[in-house]
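The following exchange asks how the labels attached to one protein model are justified. Each reply sets a computed value against its criterion.

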Amino acid sequence: MLLSDFSVITPYGDNVSSCGYCKSSHGSRTYGMSAHLMTCKDYQKLINRGWRRSGRYLYKPNLRDSCCPQYTIRMKANEFEASKHQRQIVNRFNHFIQEGDENLEKDIAARQNVDATMAEGKSQPMDETPVNEKKQKPRKPPKNAPTDLRSRIHASEYKLGPEKATWKHRFRVQLEPSSFTEEKHELYVKYQMSVHNDPRSKCGPSNFTNFLVDSPLTPSVKTVDWTEDNPGCGSFHQCYYLDDKLIAVSVIDILPECVSAVYFYYDPDYSTLSLGKYSAQREIALVQTLNTKPGLEDLKFYYMGFYIFTCPKMTYKGHFHPSFLLDPETYNWVEFQKCKEILGDRRYSCFEDPAPLNPLFEAKIQSIIRKKKGMADSDDDIDEDDDDSWASVDESDDDGEEQLDPDQFNKNPLKGDTLADENVDESKASAMEGKEEVKKVAVVSEKEKKRKMDKVFKEICQLPPPGCLDAAQVTADDLENVFCLSGQTTLIPITSSVSFKSHKEVRKEVGGYFAMVGQDLADSMLLYLR
């Protein structure tokens, strides 16, 4: 067997980072590892356990302990029934390609004019701002138009023939193995800077390559045998060309059971065409097409990445039916609507055996969410030295409670015999002192509550992540079938390696890796330790 027949992994361990959805500085908790090589079969198993990749970096979110839980979502492509809105998007796009649309053409031209003006270093004239922001009138399909998804999607593709010569535009989509070109990179820069406000310095060729070109997946079809009709499994770019101009790229992985959407970027000048929603239907159609090919009978699903209930931008994913979410604890697929009802106003839940989390744990996470969104938390004024991060928990073994007698703060000593007006003044002073003491009691109570929250938070965060084994319980016997690379080509049992025997940190790292991927994958993949 060749090394390319295996997945080769270097584990990195737990990671606490900023959240890209609610902009937390330390709200996202994941486990990560680098994949030097990855078989499509192994990656299919990983995403069925809640993993995802960004370039060669693979990560699994800890849904329970993160601010914005990320649930894996997929849909059955062959059972897809487009909604009225989804059909209108395709109909409007097809009409634009075949017959043109005056309103859409004006909008695109206006946006391109703004781009040209800004490229010349001139300020943007007010009357050149795209003004066609009105809701587009729904486009009805022409008579005798195809009703099945694949036929509707491909109806806009230009192919040489006399009946297409009168079309307003020429549109084609090209599927190819992921690769770098200047054209793709320049489109990526334009998209990131316009849509995500990224500086150009963060959109360089190496950033683009690491994110959307490099892939650990080993193609199932050799390059010399590859054709668009027989792509096999691996990482690909679907390139959208309008009048021979690249206007969008869909980055996808084709796996044994699914097409997995990785990223989609487009020319903002054409945003009026709803390219994101259009591309999702095109990828569903791709699943349907691939499923008809020999050897791909199990390829039935379209994976849309993660669904985040707290992120409004994610809601569109739930509109593709029938959809299912991955239970984070049992790894079974549960119908989307049922999951939505179970979560309700909860932040996190197992779907097959739902149970509420400790309210003190949830209160702690909510306080972190409020802080990271710029809202002052109630205990900010109590303890200015507190660093409210994932590690800021009470390290003491007691319950953190102080035994206080509230009555001691309500004593209002009198000064004896005084004149009447002096008694009034002293009464007012006593009342003010009493209020101050009540405030002190409230402050102490807040401190007690905070210590309890921190203690519960620490205890729960020290538990194994949902759906994972306890790394502390992994033994050498569990690892007997786990192999690692020694040098470039020699395989040895991990428990026989010198580093495993000599270093406690290595044993802890391997135990954590085993707990996160599970025994089946740990036994099939190879370790390459740093």
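**Labels and their criteria**

Q: What makes helix α1 largely enclosed by the rest of the structure?
A: Six of the eight residues of helix α1 (residues 40-47) are buried, so this helix is largely enclosed. Buried means under 20% relative accessible area, exposed over 50%, and partly exposed in between, with a 1.4 Å probe and protein chains only. The buried residues of α1 are C40, D42, Y43, Q44, L46 and I47. Across the protein chain, 47% of the 530 residues count as buried.

Q: On what basis are residues and values selected, and how is α1 numbered?
A: The model is predicted, so local features need pLDDT of at least 70 and side-chain atom pairs count only at pLDDT 80 or more, whereas totals for chains, interfaces and linings use all residues. Residues are numbered from 1 along each chain as its sequence is written, and side-chain values use heavy atoms, with hydrogens and water left out. Helices (H or I, at least four residues) and strands (E, at least two) are DSSP runs numbered from the N terminus; the protein chain has 13 helices and 15 strands.

Q: Why is α2 called roughly perpendicular to α7?
A: The axes of α2 (residues 84-98) and α7 (residues 275-290) come within 10 Å and cross at roughly 100 degrees. That makes α2 roughly perpendicular to α7, because angles of 65 to 115 degrees carry this label, those under 35 being roughly parallel, those over 145 roughly antiparallel and the rest oblique. The axes are lines fitted to C-alpha atoms, for helices over the stretch in contact, and angles run from 0 to 180 degrees between N-to-C directions.

Q: Which residues of α2 and α7 meet?
A: H85, Q86, I89, V90 and F93 in α2 meet L275, K277, Y278 and Q281 in α7, contact being heavy atoms within 4.5 Å. The residues of this contact divide into five nonpolar, three polar and one charged. Ala, Val, Leu, Ile, Met, Phe, Trp, Tyr, Cys and Pro count as nonpolar, Asp, Glu, Lys and Arg as charged, and the others, Gly among them, as polar.

Q: What makes a space a cavity rather than a pocket?
A: On a 1 Å grid over the protein atoms alone, a cavity is a set of points where a 1.4 Å probe fits but cannot get out, while a pocket is an open set with protein on both sides within 12 Å along at least five of seven lines; lining residues have an atom within 4 Å of a point. The whole structure has three cavities of 30 Å³ or more, and the largest has a volume of about 80 Å³. Its lining includes R49, K60, Y71 and P466. The second largest pocket holds about 770 Å³ and is lined by 35 residues, with D14, A471, A472, K508 and G512 nearest its centre.

Q: How do you know whether N197 and D243 are exposed or partly exposed?
A: N197 has a relative accessible area of 63%, which means that this residue is exposed. D243, at 40%, is partly exposed. Phi is positive in both: near 60 degrees for N197 and about 50 degrees for D243. Most residues other than glycine have a negative phi.

Note on methods. Grid points are joined across faces, edges and corners, and a volume is the space filled by probe spheres set on the points.
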